[in-house]
Number of protein chains: 2
Amino acid sequence: MKELREAILREGQGIGKDVVKVDSFLNHRIDVGLAVRMGQAFYQAFREDEVDCILTVEASGIVPAVTTAQAFGNIPVVFAKKGDHTNVGPDVYTARVYSFTHQRTNVIRVSKRHLLRGARVLIVDDFLANGEAIEGLLDILRQAECIAVGAGVCVEKGFQSGGRRLRERGLKVVSLAIVAGVEDGRIILDHQ
Amino acid sequence: MKELREAILREGQGIGKDVVKVDSFLNHRIDVGLAVRMGQAFYQAFREDEVDCILTVEASGIVPAVTTAQAFGNIPVVFAKKGDHTNVGPDVYTARVYSFTHQRTNVIRVSKRHLLRGARVLIVDDFLANGEAIEGLLDILRQAECIAVGAGVCVEKGFQSGGRRLRERGLKVVSLAIVAGVEDGRIILDHQ
């Protein structure tokens with residue numbers, strides 16, 4: 001997606017060999033117009049897939065999840081919660097997700113009553129690196145006997161293995177921008 | 001807001017004396033159409049206040065924050081992060097927020113570069129109970145020398161003191177539904 005690629009090149013910061021910092025428009029300050037258009041892009045990519053609802057994980061995945069749901073005509077969003085939420089209740093699906101960014105394992109959970117068996121679910125997230133978050137969401141969808149129609153990702157780190165592994169397994173993964181690497185503080189994008 | 005009040009009465013669960021569980025449409029599964037219309041309601045309430053950007057705190061505040069920003073013509077959203085985020089960096093405003101729901105103190109933080117001095121900022125959140133989250137956001141706005149034009153809240157617990165205390169201090173607080181109390185598992189709404 002041209003607008004997202006331009007925003008990454010203009011405002012993104014590369015740190016070290018693998019950190020892609022896009023907090024000025026994607027996951028701390030939000031460029032809401034861009035978020036709306038990313039939702040429309042995911043709709044274009046998955047419009048034939050009969051999507052019933054969107055699944056993401058808190059926190060920054062919520063933004064593209066909501067704008068994608070709007071593009072689909074205001075279908076529901078479910079976001080998995082991290083950690084021990086007293087408000088979620090005991091009747092939950094859980095999965096363990098290791099976060100490389102925060103270097104810790106989170107338990108993510110979704111109330112069973114929010115995922116109906118047989119529902120066709122599109123996963124949306126802001127980042128795909130090692131794929132741990134999406135693997136955890138897929139695990140929850142398997143437990144719920146839902147159908148994962150695919151994953152829409154704003155920024156994929158193409159130099160990490162998550163996207164390749166998910167696609168090899170047959171999942172339809174659509175990334176709006178793919179980062180090839182980080183060099184001297186600059187973010188290098190894949191030619192797409 | 002009639003649609004939100006009806007959703008609370010139809011789908012909300014009261015637990016104990018003070019827990020208002022609305023996770024089927026507001027903060028776990030999201031009714032996206034309702035979220036859009038809540039954003040429009042906040043726009044109607046604050047449209048004369050020359051709002052430059054929306055401030056909220058992760059995670060469930062992000063939904064009404066984004067839809068409100070859309071109603072204002074896609075102004076930016078900034079969401080405060082909880083805990084130690086390695087991605088936020090050191091140059092941050094922080095505030096301590098006690099969460100009664102989770103019974104712990106969180107440090108919330110916002111990168112300094114995302115709050116420009118003099119900006120007119122509308123706080124949006126899904127819940128207002130004891131007001132700790134909004135107090136923390138106001139603290140951050142003071143540090144950033146921004147102008148807090150008010151707070152838009154989806155559900156206020158009118159039987160807790162946060163709303164009264166914020167209004168006494170002169171803050172414009174607009175709540176779309178006010179819960180008067182919880183009785184025998186039922187949620188009682190204020191007459192509004």
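**From a strand pair to the two-fold axis**

In strand S9 of chain B, B:Glu156 is the residue that stands opposite B:Leu128. The model is a predicted one, and this pair is a convenient place to enter it. B:Leu128 and B:Glu156 belong to a parallel pairing in which strand S8 (residues 120-128) of chain B is joined to S9(B) by 8 bridges. Between the two strands the chain passes through helix H4 (residues 132-143) of chain B, and the resulting β-α-β crossover is right-handed.

S9(B) has a second parallel partner, strand S10 (residues 173-183) of chain B, to which 6 bridges join it. B:Glu156 takes part here as well, since its bridge partner in S10(B) is B:Ile178. How far is S9(B) enclosed by the rest of the structure? Of the 11 residues of this strand (residues 147-157), 9 are buried, so S9(B) is largely enclosed.

The next stop is the nonpolar core. In soluble globular proteins, nonpolar side chains tend to be buried together. The largest nonpolar core of this model has 129 residues, and the members that touch the most others are A:Val66, A:Val77, A:Leu137, B:Val66, B:Val77 and B:Leu137. One of these, B:Leu137, touches B:Leu55, B:Val57, B:Ala80 and B:Ile123, leaving aside residues up to four places away in sequence.

Another residue to follow is B:Met38, located in helix H2 of chain B. Is B:Met38 buried or exposed? It has 26 other C-beta atoms within 10 Å, and the cut-off for a buried residue is 20 or more, so B:Met38 is buried. With residues up to four places away in sequence again left out, B:Met38 touches B:Met1, B:Leu4, B:Pro64, B:Thr67, B:Cys154 and B:Leu176. B:Asp184 lies 146 residues from B:Met38 along the chain, and their C-alpha atoms are separated by 28 Å.

Two of the contacts of B:Met38, B:Pro64 and B:Thr67, are among the residues of helix H3 of chain B. That helix is mostly covered, with 10 of its 10 residues buried. The buried residues include B:Ile62, B:Val66 and B:Ala71. After H3(B) comes B:Gly73, which has a positive phi, near 85 degrees.

From H3(B) the path leads to the contact between the chains, to which chain B and chain A each bring 31 residues. On the side of chain B that touches chain A, at least two residues each come from strand S3 (29-30), helix H2 (32-46), helix H3 (62-71) and strand S5 (77-82) of chain B. H3(B) gives the most, with 5 residues. By type, this side of chain B divides into 15 nonpolar, 10 polar and 6 charged residues.

Strands also meet across the contact. Strand S5 (residues 77-82) of chain A pairs with S3(B) in the antiparallel sense, over 2 bridges. In this pairing, B:Arg29 of S3(B) stands opposite A:Val78.

What remains is how the two copies are related. Two copies of a chain are related by a rotation about an axis and a shift along it. Here, a turn of 180 degrees and a shift of 0.0 Å along the axis lay chain B on chain A with an RMSD of 0.0 Å. This is therefore the relation of a two-fold axis. Which C-alpha of chain B is nearest the axis? It is that of B:Ala59, at 2.5 Å. Both copies use the same surface, as 100% of the contact residues of chain B recur in chain A.

Notes:
Residues are numbered from 1 along each chain as its sequence is written. Chains are lettered from A and ligands numbered from 1 in the order in which they are written. This is a predicted model: local features need pLDDT of at least 70, side-chain atom pairs count only at pLDDT 80 or more; totals for chains, interfaces and linings use all residues. Two residues are in contact if their C-beta atoms, placed from the backbone, lie within 7 Å. Helices (H or I, at least four residues) and strands (E, at least two) are DSSP runs, numbered from the N terminus. Ala, Val, Leu, Ile, Met, Phe, Trp, Tyr, Cys and Pro count as nonpolar, Asp, Glu, Lys and Arg as charged, and the others, Gly among them, as polar. Two strands pair if DSSP finds at least two bridges between them. A nonpolar core is a set of buried Ala, Val, Leu, Ile, Met, Phe, Trp, Tyr and Cys residues joined through C-beta atoms within 7 Å. A residue is buried if 20 or more other C-beta atoms lie within 10 Å of its own, exposed if 12 or fewer, and partly exposed in between; C-beta atoms are placed from the backbone. A crossover is right-handed if, with the strands pointing away from the viewer, the path from the first strand over the helix to the second runs clockwise. Copies are superposed by least squares on the C-alpha atoms of residues with pLDDT of at least 70 in both.
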